[in-house]
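Here are a few exercises to work through with the model open beside you. Try each task before you read its solution.

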Amino acid sequence: MSATGLLIKEFAGKKAYRALRILGASGQLGYGIPTPAFEAGLAREPDLIGCDMGSIDIGPYYLGSGQLATARQSTKRDLKKVLLGARRLNIPLVIGTAGSAGARPHLDTTLELLREIATENKLRFRLATIAGDIPKDVVNKAIEQNRVVGVDGMPDLTCEELSHTTHLVGQMGMSSFQEALALDVDVLISGRACDTAIFAALPIMLGFPIGLSVHMAKIIECASLCCTPGGRDTILATLHADHFILESMAPQRKALPLSVAAHSLYEQNDPYTIIEPEGRVDLQHASYTQVSERSTKISGAQWIAAAKHTIKMEGARKLGERAMLLCGAADPRFIAQHKQILADVSVVVRDLVCEDTPEDYTLFWHVYGVDGVTDLQADQPPPAEICLLIECIAPTRERASEVVKTMKQYLLHFGYAGRLSTGGNVAFPFTPPEVSLGEAYKFNVYHIMETLDGERLFTPEVIEFQ
């Protein structure tokens, strides 16, 4: 019997009869797992190791391109660490949002790394995968039936726009994980998933309260980020029938009531609500009590089942190829006039590079020190220096490169009112100062789809590693 099968058998007929110890190994697998804290966690004999491997925070490129956001070698190192740890203790390993963005290419790359690790370490185990990709014909039908709505101001999704999506994924919830965990497996790796499903699905199967389990999961998926000082070290949650206790496995970090409660603001529009495909958690009556110098007891979360099942979808479409010019300026006259200078130089560049071809590119400039992150307020003095990040998106890499290289030359020598020297308007931190960044993508799907009764979007598959 495999690791999940052993736990399910142990708890059969005696739900939540003992505490369950759950290890949140990493805030995001692939960026490194500090070994001392992870080993300290293993020494506490956990029942489950969980890792979130992805996020939408990294932007649309990785979903659109199918590439990992993390380095291959560090990703393999982290996978090896958690896989060997789980097999050493014969406990389940659950990983969500494989390969950074959770589409089929990301899942396949993660499985390829696992095969290498299994071969190199002569491991045998039973693994379940759940792809997170959603067929476009399913979504087209939902669009036609008015079952798709945008999130955070996204426009209505059309079938035509959907056709441009390179990879389309849905954030699967706990029910999909539970279907896979019931297949008697040692390891579960999913495509795009709710981070809470990684840690909450199995405890709920074992009889622990849904609200409590999801609240715990929402905190520990970020590892020790909820501690003071916050970090990404491994965290241990000890789940009881009516509360859970959090303790970082790094001795310098403390899970205190204030820091843990403050984590409710992380990635949440409403600090009192955690929204999941199957329902929501109400935290209005949650309680946080310090039980030791470094640990806190949490209770009171309530689960409210949803009347309708929904799935959040994410998709990206290719815009073109991106090139970038990076430079800086310290002349107060240039800084004062930079908006007009950039607009004027853009006209000069357009007239030159579009002399025998249509204007087929888009220029963006981000001026750090003025409006690269936020607009300079009217009552604030201008900065002593600024950094200009000038971005071009064009149909081809060659075209994007042509535009920023031309921009570089004419920005360098453009005449403006009050200029003191023709020697150069801007300084370059390195050469070449223009860089081709490859494909550019944007999120074109960030929508909620109401699913039909009985509609099964995610199907687990079992692989035997021999």
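A residue counts as buried under 20% relative accessible area, as exposed over 50%, and as partly exposed in between (1.4 Å probe, protein chains only). By that yardstick Tyr61, at 30%, is partly exposed.

Some ground rules: this is a predicted model, where local features need pLDDT of at least 70 and side-chain atom pairs pLDDT 80 or more, while totals for chains, interfaces and linings use all residues. Residues are numbered from 1 along each chain as its sequence is written, and side-chain values use heavy atoms, leaving out hydrogens and water.

**Exercise 1.** Work out the strand order of the open sheet and find which strands stand at its edges.

Step 1: take helices (H or I, at least four residues) and strands (E, at least two) as DSSP runs, numbered from the N terminus. Two strands pair if DSSP finds at least two bridges between them.

Step 2: follow the partners, and 10 strands line up as E12-E13-E9-E8-E1-E2-E3-E7-E4-E19, with mixed pairing. E12 (287–292) and E19 (460–465) have a single partner strand each, so one side of each lacks a neighbour in the sheet.

Step 3: zoom in on E2 (48–52) and E3 (93–96), which run parallel and are joined by 4 bridges. Here Ile49 stands opposite Leu93 of E3.

Step 4: look for a helix on the sheet. H9 (195–205) packs there, touching E1 (20–26), E2, E3 and E8 (235–239), where contact means heavy atoms within 4.5 Å. H9 makes about 160° with the direction of E2; axes are lines fitted to C-alpha atoms, for helices over the stretch in contact, and angles run from 0 to 180 degrees between N-to-C directions.

**Exercise 2.** Classify the ring pairs Phe11–Phe208 and Tyr61–Tyr441.

Step 1: rings of Phe, Tyr and Trp (its six-membered ring) pair if their centres lie within 6.5 Å; planes under 30 degrees apart are stacked, over 60 edge-to-face, the rest tilted. The count comes to 6 aromatic pairs.

Step 2: Phe11 and Phe208 have ring centres 6.1 Å apart and planes at 55°, so this pair is tilted. Phe11 sits in H1 (3–11) and Phe208 in the loop between H9 and H10 (210–220), so the pair ties together parts 197 residues apart in sequence. Phe11 is buried at 2%, and Phe208 is buried at 2%.

Step 3: Tyr61 and Tyr441 are 6.0 Å centre to centre with 70° between the planes, making the pair edge-to-face. Tyr441 is buried at 8%.
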